[in-house]
Amino acid sequence: MPSAEVSPAGVSGALPRSVRIGYGSGSVATGAFGTVPGLMLLPYLTDQLGIAALLAGAIVVAPKAWDVVLNPVAGRITDRSTDPRGPRRPWLLRAGLPLAVLFAVIFASPGFDSRALEAVWVLVAFLACATAYAFFQVPYVAMPAEITDSYDERTRLMTWRVALLALTILLAGASAPAIRDAVGGRDGYRVMGVAMALLIAVGVLAAYVGTRRAPVRAPAAGVGSLREQLRVVARARDFRLLLTTFLLQALATGTMLAGVDYVARHVLGNAGAATLLFVCFVGPALVLTPAWTAYGERVGKRRGYTLASLLLAAGAVVLVGAEVLPGAAVYGAVALVGVGYAGCQVFPLAMLPDAAAVDARRTGENRAGVYTGVWTAGETLGLALGPGVFAVVLALGGYVSGTDGGTSQPGSAVTAIVLGFSLLPAALTLVSLLWLRRYRLDAATVAAPEGSPA
């Protein structure tokens, strides 16, 4: 396969469409891994394995918490890579294929008589899977800072990434419950796990092949220990503000994602409604992602991100009335959340490489891997805590676990499901704007000459 092209001209100019699509294809892998465990794993543990809500929440959170520690390490390792194909791209294959295999293993327990052994199987498999994911996701997210210097080109690159991410969320989020329900029982979860593993493998291979001609400009790796590099990144004010905003919104998204299956079964009274909820959530993103990109090019990424956040929060607030609203109104509110969610993916993902590239240009040292390692650690923490927080809400509401998915729930548990799906994520999203409003990296700052002050 051809090696990466190291070309300053290619870095500053427009990227070929094939590279944009190839890079965006990696979102098939990240989208499937980010969506399906958040959607399916907590119900699998509470309603199929009979594990109490608080313990189930801990099992879901622990592997992602491990990634919070591991991601900056993965970033530092890839920063120091000297592979002729580029410092990041080879890791897509090295970690991506094990990621696919291990994902299937999570739901492939042979069926132990002990609930403790069942819990250990899921925990160990998920930990291994999360480790592989760290070494795939971190270099993948770091790539835009090195394949283009253009402020607007990074937004265009994210358009393809978010569009394919939205398509994957729709496909994985809609098909995973459908596969489970069509097969039924534990075998349904096993078959679903294999199907999602194949989807992840497709995304991995498409990203690796599709970026083979992407230009690469990688400054020398930052000097000093990982701890010293992390201190430098922590002092980057705008990155810190952006990360805090995104972490809180990842927590909000993770909480809503964890609640979809519960809302479908216990609020709407139809397990199949989970698929339609996903269509309403992701459908607007498929249509409106280019519109968000165009809007951001006109008004700036920060203003676009703010508007998207407000729309997401507005839709979540409407969902507070899910118990009494007609079904059409619930689906409409979820669609409004989806409109905001599309922008809340496009803008921060386009702003991250700006922060890493500004640092590299001013210092001549490459810390893109450390930046993205810290970023993905924050994202992972937010998405991991989401199901954990939702599990706590379920426990506070008196949710009753079972082994057949049909256990009757008290009214307090249903109310807890609604609030965890609506009011909590709305509040988190609005609070996140306190940090976003202080972010200052705009097109002029990103384009400033080398050596400019921070």
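## The main cavity

Let's start with helix α10, which gives the most to the lining of the largest cavity, with eight residues. Keep in mind that this is a predicted model. Helix α10 has company around that space: α2 (17-48), α5 (115-142), α7 (151-183), α10 itself (237-267), α11 (273-299), α13 (327-363) and α14 (368-396) each supply at least two residues of the lining.

So much for the helices; now for the space itself. The largest cavity has a volume of about 520 Å³, and a search of the whole structure turns up five cavities of 30 Å³ or more. Its lining is made of 33 residues. If you want to find the middle, look for Gly34, Ile169, Thr253, Tyr341 and Leu383, the lining residues that lie nearest the centre. What kinds of residues face this space? The lining of the largest cavity divides into 20 nonpolar, 10 polar and three charged residues.

## A nonpolar patch on the surface

Now move to the outside. Leu54, Val392 and Leu396 form a nonpolar patch on the surface, and together these three residues have about 330 Å² of accessible area. Leu396 belongs to helix α14, one of the helices that also supply the lining of the largest cavity. Is Leu396 buried or exposed? Leu396 counts as exposed because its relative accessibility is 74%, and the cut-off for exposed is over 50%.

## Two alanines to compare

Helix α12 (residues 301-318) is where you'll find Ala314. With 34% relative accessibility, Ala314 counts as partly exposed. How far apart are Ala314 and Ala333 in space? Their C-alpha atoms are 8.3 Å apart, while 19 residues separate Ala314 and Ala333 in sequence.

## Salt bridges between sequence neighbours

How many salt bridges does the structure hold? There are eight salt bridges in the structure. Let's go through a few of them, starting with Arg180 and Asp181. Asp181 forms a salt bridge with Arg180, and their closest N and O atoms are 3.0 Å apart. The two partners fall into separate classes: Arg180 is buried, with a relative accessible area of 8%, whereas Asp181 is partly exposed at 42% relative accessibility. Arg180 is classed as buried because 8% is under the 20% cut-off.

Another pair is Asp238 and Arg237, whose side chains meet in a salt bridge with an N to O distance of 3.6 Å. Here Asp238 is the buried partner, with a relative accessible area of 15%, and Arg237 is partly exposed, with a relative accessible area of 35%. Salt bridges can also link up: those that share partners join Asp47, Arg180, Asp181, Asp261 and Arg265 into one network. That brings the Arg180 and Asp181 pair back into the picture, as both are members of this network.

## A salt bridge within helix α8

Which helix holds both Arg190 and Asp187? Both lie in helix α8 (residues 185-210), three residues apart, which is about one turn of the helix. Their side chains meet in a salt bridge, at 2.7 Å from N to O.

What about their accessibility? Arg190 is partly exposed, with a relative accessible area of 25%. Asp187 is partly exposed too, with a relative accessible area of 45%.

Note on methods:
Residues numbered from 1 in each chain as written. Predicted model: local features only at pLDDT ≥ 70, side-chain atom pairs only at ≥ 80, totals over all residues. Heavy atoms only, no water. 1 Å grid on protein atoms, 1.4 Å probe; cavity = no way out; pocket = protein on both sides within 12 Å on 5 of 7 lines; lining within 4 Å. Points joined across faces, edges and corners; volume = space filled by probe spheres on them. Helix = DSSP H or I, 4+ residues; strand = E, 2+ residues; numbered from the N terminus. Nonpolar A, V, L, I, M, F, W, Y, C, P; charged D, E, K, R; others polar. Patch = residues over 30% accessible without salt bridge, like charges linked within 9 Å, V, L, I, M, F, W, Y side chains within 5 Å. Areas by Shrake-Rupley, 256 points an atom, 1.4 Å probe, with all protein chains shown as cover. Salt bridge = Lys/Arg side-chain N within 4 Å of Asp/Glu carboxyl O. Buried < 20%, exposed > 50% of the residue type's maximum accessible area, 1.4 Å probe, protein only.
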